Structure formats: C-alpha cells, structure tokens
Amino acid sequence: MSLQPLTAVNCSSLLQPGCSLLQLDGDIFLFGQKGWPRRSCPTGVFGVRLKHGELKLRPISFSNDSCYLPPLRCPAVTRLEPHDGHPEGYLIHGGRTPNNEISSSLYLLTLDSRGCNRKVTLRCQERELVGEQPGPRYGHTLSMVQSLGKRACVVFGGRSYMPAGERSTENWNSVVDCPPQVFIIDLEFGCCSAHTLPELTDGQSFHLALARDDYVYFLGGHTLSSDSRPPRVFCLRVELLQGSPLLSCKHLDTGLSISSAIATRVGPSHEYIILGGYQSETQKRMECSSVVLDDSGISIEPREAPQWTGEISHSHTWFGGSLGEGSALIGVPSEGRPAPPEAHYFYQVCFQKEGEGEGEDGNQGCSQESTDFEDSAPLEDSEELYFGREPHELEDSSEGEGDTYNEEDEEDETQTGYWVKCCLGCQVDPNTWEPYYSTELLRPAMIYCSKGEGGHWVHAQCMELTEGLLVRLSQGNGKYFCLDHGGLPHQEMTPPRQVLSLKRSPMKPQHRKGPMMPKMTPAKKRFFRRLFE
C-alpha cells in the first residue's frame, strides 16, 4: 500500500469532479471533460500516462463512423467483457451535458484501431432503446449481469430535473431523486423493462454497484429527500428467463454510509477496495474497506488506509477513479493564498503488491467518482483542433515496440505546444491571441503538416486557411502540407475545384426578315378575333 504524489503536466485543469476513468485494452482513458463537438478530433476522451511521478494526458481520436459523444459528467459507466465475437468496451448511460442538460442516451465505446506507436483510435456508437426506457439522469449506476447464458444491463438510481409540470422559474434547475425503479436492458435487441420492488422505497444516487454473475449489490448512496446516507446494502438478483426477467431483492444488515466513493478491484477474484467518498455533507470518509463477493454473498471488512497527506486531510472535497487492479487516482483542489498555479493536487493510491493482479478479469465495479456538486461550473468545449495521423501513416515504426509504451513516441511538447513558432512567418502570439475561427475557444487551431521527418504542427491562421477548408481537411484522410512545404496547390486528395461551363447564347441576327409573331393556341386566336370584331 502506497500513496504517491503526481505532477500533472499541462493538464491539471482537465481533471475535475465528474470525470470517469476507463481501462480498455491495457490503457487508461479519461472521459467526461472538455470535448470538441462534431469534429473528427477528440470529444472529451484522453489517454492517461503515469510515468516517473508525472501525469500526462494525450488526446484520443475517433473513427469516421463514430457518433458524437458529448462530455458527460457523472454518467453511469460499466465494463463490457468480450462476448460472442464482440470486443471489450464500455457502456455509458446518462450524465450531464456541457449545457447542463441531462442525457438519457446509451453509448458503446470500443477500440477501433491501434498504430505502431500505440496511437489509439476509438469508436463510439449510440444504442437505440425501445420499451420502458430509463429517463434522463445522472449519479446512477449501470451494471452487467449474466444468467442462463445471457447477459443484460441493470440501471438503478440517479437524479434528474423535476417533472415538467412541477417546474417553475424559481425551481427550474432543481433536481430530485429518480423513482426507485430497476431497469433491465437487453443489449442484443435494445429492449428495456422497468421493475418496481417493495424493498426499494427511496431513491438513491452516487452509490456503488458491484456485480457478480446474476447478483448486483448496491452500497451506500445519498437520498436527496431525507438528505441522508443510510448504511445499507441491497442485494438484487436478476434471472434472465425466457420472455421476461425475474427480479428479487433483499435488504442486508451490513452496509456502508458513503456516497461518491471509488471502487477498485484487487486480484483475480471479486475483491474490491472502497476508498474516498463522503460520510456527510461536510465530512469525508477517510477509512478504507475491503469488499468480497463470493457464493455466500458479500462481506465487508475494514482495511488500513494510506497515510493521507495534509492536502488530502484538510480539503473539503476530493474525487477520482480506478486506475486498474489495486490502484486509484485521487484529486483534491489546491487552496491557499496566493492561489497555487495548479488547480488540483493528484495522488496515486496502490493497494497491491508487486507481482499481484495477474488473472482473468471479473465484472468491473461501477463507481461514481464524483461528489454531488450542484453549483459546479459548466463544461467547456475543447480548447483545440487536433488532427492526428492515421494508423496507416505509422507503419514505418519498429514492430518490436508495438506492445510497450515508449516515451519517445509521444508528441514532443516543445514542438507541438502553442508557445512555439510553427513556421518561419508565424505571427501568432499565444499570450495576446484572439479567436480567429468560429470553432476556436481559448487557443488557436493547429493542423498537422506531413512534410519532413515526423512532420510538424502549424497554426491554421498562419497558413491562411478558410474555416471551410480547415474543417474539410480535418475530416479527410489526406496529407496536408504547409506553405513552407508546398502549400495548398500540392495537397493530396484535395477535392478538385468544380469549374462551371459557360453557357453561350446565340447572337441575335442583324436583319429580321419579318415581324416575330408569338405562338398562340387556336383558342387564343378565336378570343382575340372576337375581341377586335
């Protein structure tokens, strides 16, 4: 067990309460923060790199057939294990959008391709649902259950805005607990069914959901109506019978009074470490607990907590997520006068000894890493346009480095940052820069020039690109060359300019042989004849 401080390299402001950490194909991804809507560049998903006590984020690109994935705070996230030829992935449901709207969509996030230098491309698909669908919500949980050779999703809890008929100007942004219903989603056909159980009488949110086979355990959570965190555990069993599922629930005596906690799995079995979270509105839960799921049920035992630092002990809030087996990321806001340059302090908590953790994966626990903030600042869109290289452009890399992370494969920040000159005639000053394109927010847009060894980044404004051409180049797979290496006339795969053919009208004759009579129908001729007679 260890607590290691981390230095966030130029990314401290990107990790904020409400984010989610995903483990996909051996990599860690940050989801739910800043994104760029409807572009082929990242939409709120970043690759997380931890090395030598430094925390770095790398923007992740999406495939061309991906749908728009908005940056969502406090969604329900669960791991989807490989099944019947389908790859591993993550299901994301609900959450709060950048416009403070609450989503009800279900997304499937999978790995699309991987380049020779570990450059990852993801694919996002929105799943259509029919039947009794769960409404818009956040702070809920999504779990996977397996029964009788089939699998399904279990949605429970969460918060949402008040019903439309009860909302007024004064309480327009007020939220309430969602009804304590359990929703079962069949992923194969997209069918949803809602179930009401007598044991579930109060709504709850920001709880934990741990699944094993056909059982789901709901731990802790916050009830908004009573403003309480009762120490409770509900055991839900889902039998996926032919026709309709059969649900049963029972209340267990042992439980945890906790909300917004982090669950990280330890070892090959269904053993989890619970850390973080809150015991009350003003008190963090500094203890840790070990939770084991087996054939006999669930057992919860106290576990020794790390030696928390002063920043963690004295902070009012904290957040984080699971980094994999036996490891978690903790972030606390930095406070002090004058204000520290970094927005947050980050720590890596490890509960696992070296050599442990090698085994087959179990069902990933679904944890809500965020606290229930109502006055948090709304999300912004991405601060940059990122045009990454396609995997086929990286085939010249060495094949022996495909499975290991190499520091040299990262983009050199001294060459790709906004504080350097991108070309000989660069006139962009990041300190006094003002938006030039309508798609920019806080930083100038950059585009990748494929010329030279490894290429280089240039400002789109310095290249005098129109906004339409900038968007068209970002959506295509062609190579771009800056003005110093050929410019626009030498673009590959640039759409050809359509030249409209000129219409030549015949010249009027100089001499007319006779008056030109308009063509008239026989009916018109008879009408005019009677008119003049």
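What is the mean pLDDT of the protein chain, and what share of its residues reach 70 or more? The mean is 76, and 74% of the residues reach 70 or more, where pLDDT is the predictor's confidence in each residue, on a scale from 0 to 100. Over residues 357-419 the pLDDT is below 50, although this stretch has 174 contacts in the model beyond near neighbours in sequence; contact means heavy atoms within 4.5 Å. Residues 492-497 also stay under a pLDDT of 50, and the model has six contacts for them beyond four places in sequence. Where pLDDT is low, the predicted coordinates should not be read in detail.

The structure is a predicted model, in which local features need pLDDT of at least 70 and side-chain atom pairs count only at pLDDT 80 or more, while totals for chains, interfaces and linings use all residues. Residues are numbered from 1 along each chain as its sequence is written, and side-chain values use heavy atoms, with hydrogens and water left out.

Two open sheets are described here. Helices (H or I, at least four residues) and strands (E, at least two) are DSSP runs numbered from the N terminus, and two strands pair if DSSP finds at least two bridges between them. One open sheet consists of four strands in the order 18-19-20-21, with antiparallel pairing. Strand 18 and strand 21 (246-256) each have a single partner strand, so one side of each is left without a neighbour in the sheet. Neighbouring strands of this sheet are turned by 20° against each other on average, direction ignored; the axes are lines fitted to C-alpha atoms, for helices over the stretch in contact, and angles between N-to-C directions run from 0 to 180 degrees. Eight bridges link strand 20 (residues 232-239) to strand 21 in the antiparallel sense. R237 has S248 of strand 21 as its bridge partner.

Another open sheet has four strands in the order 22-23-26-27, again paired in the antiparallel sense. Its edges are strand 22 (262-265) and strand 27, each of which pairs on one side only. The average turn between neighbouring strands of this sheet is 25°, direction ignored. Strand 26 (residues 288-294) and strand 27 (residues 297-303) are paired over seven antiparallel bridges and form a hairpin with two residues between them. Within this pair, V291 stands opposite I300 of strand 27, and V292 stands opposite S299 of strand 27. In a regular strand the side chains alternate between the two faces of the sheet.

At the edge of this sheet, R265 lies in strand 22. R265 counts as buried because its relative accessibility is 4%; buried means under 20% relative accessible area, exposed over 50%, and partly exposed in between (1.4 Å probe, protein chains only). The side chain of R265 is joined to that of E325 by a polar contact of 2.6 Å. A polar contact is a pair of N or O atoms within 3.5 Å; within protein, one must be able to donate a hydrogen and the other to accept it, and residues adjacent in sequence count only if both atoms are side-chain atoms.

G203 is found in the loop between strand 17 (191-196) and strand 18 (208-212). With a relative accessible area of 10%, G203 is buried. Beyond neighbours within four places in sequence, G203 is in contact with D177, C178, P180, H222, T223 and R232. G203 and G158 are 45 residues apart in sequence, and their C-alpha atoms are 7.5 Å apart.

An unreviewed UniProt entry lists C422, C426, C449, H456, H459, C462, C482 and H485 under "binding site". UniProt positions are given in the numbering used here with feature names shortened, and annotations may be inferred rather than shown by experiment. Among the listed residues, C449 is found in strand 31 (residues 446-449) and is buried, with a relative accessible area of 0%. Not counting residues up to four places away in sequence, C449 touches G455, H456, Y480, F481, C482 and H485. H456 is found in strand 32 (residues 456-459) and counts as partly exposed, at 22% relative accessibility. The contacts of H456, leaving aside neighbours within four places in sequence, are C422, I447, Y448, C449, K451, C482 and H485. C482 is found in the loop between helix 3 (467-475) and helix 4 (522-532). C482 is buried, with a relative accessible area of 0%. C482 and W457 are 25 residues apart in sequence and 9.1 Å apart in space, C-alpha to C-alpha.
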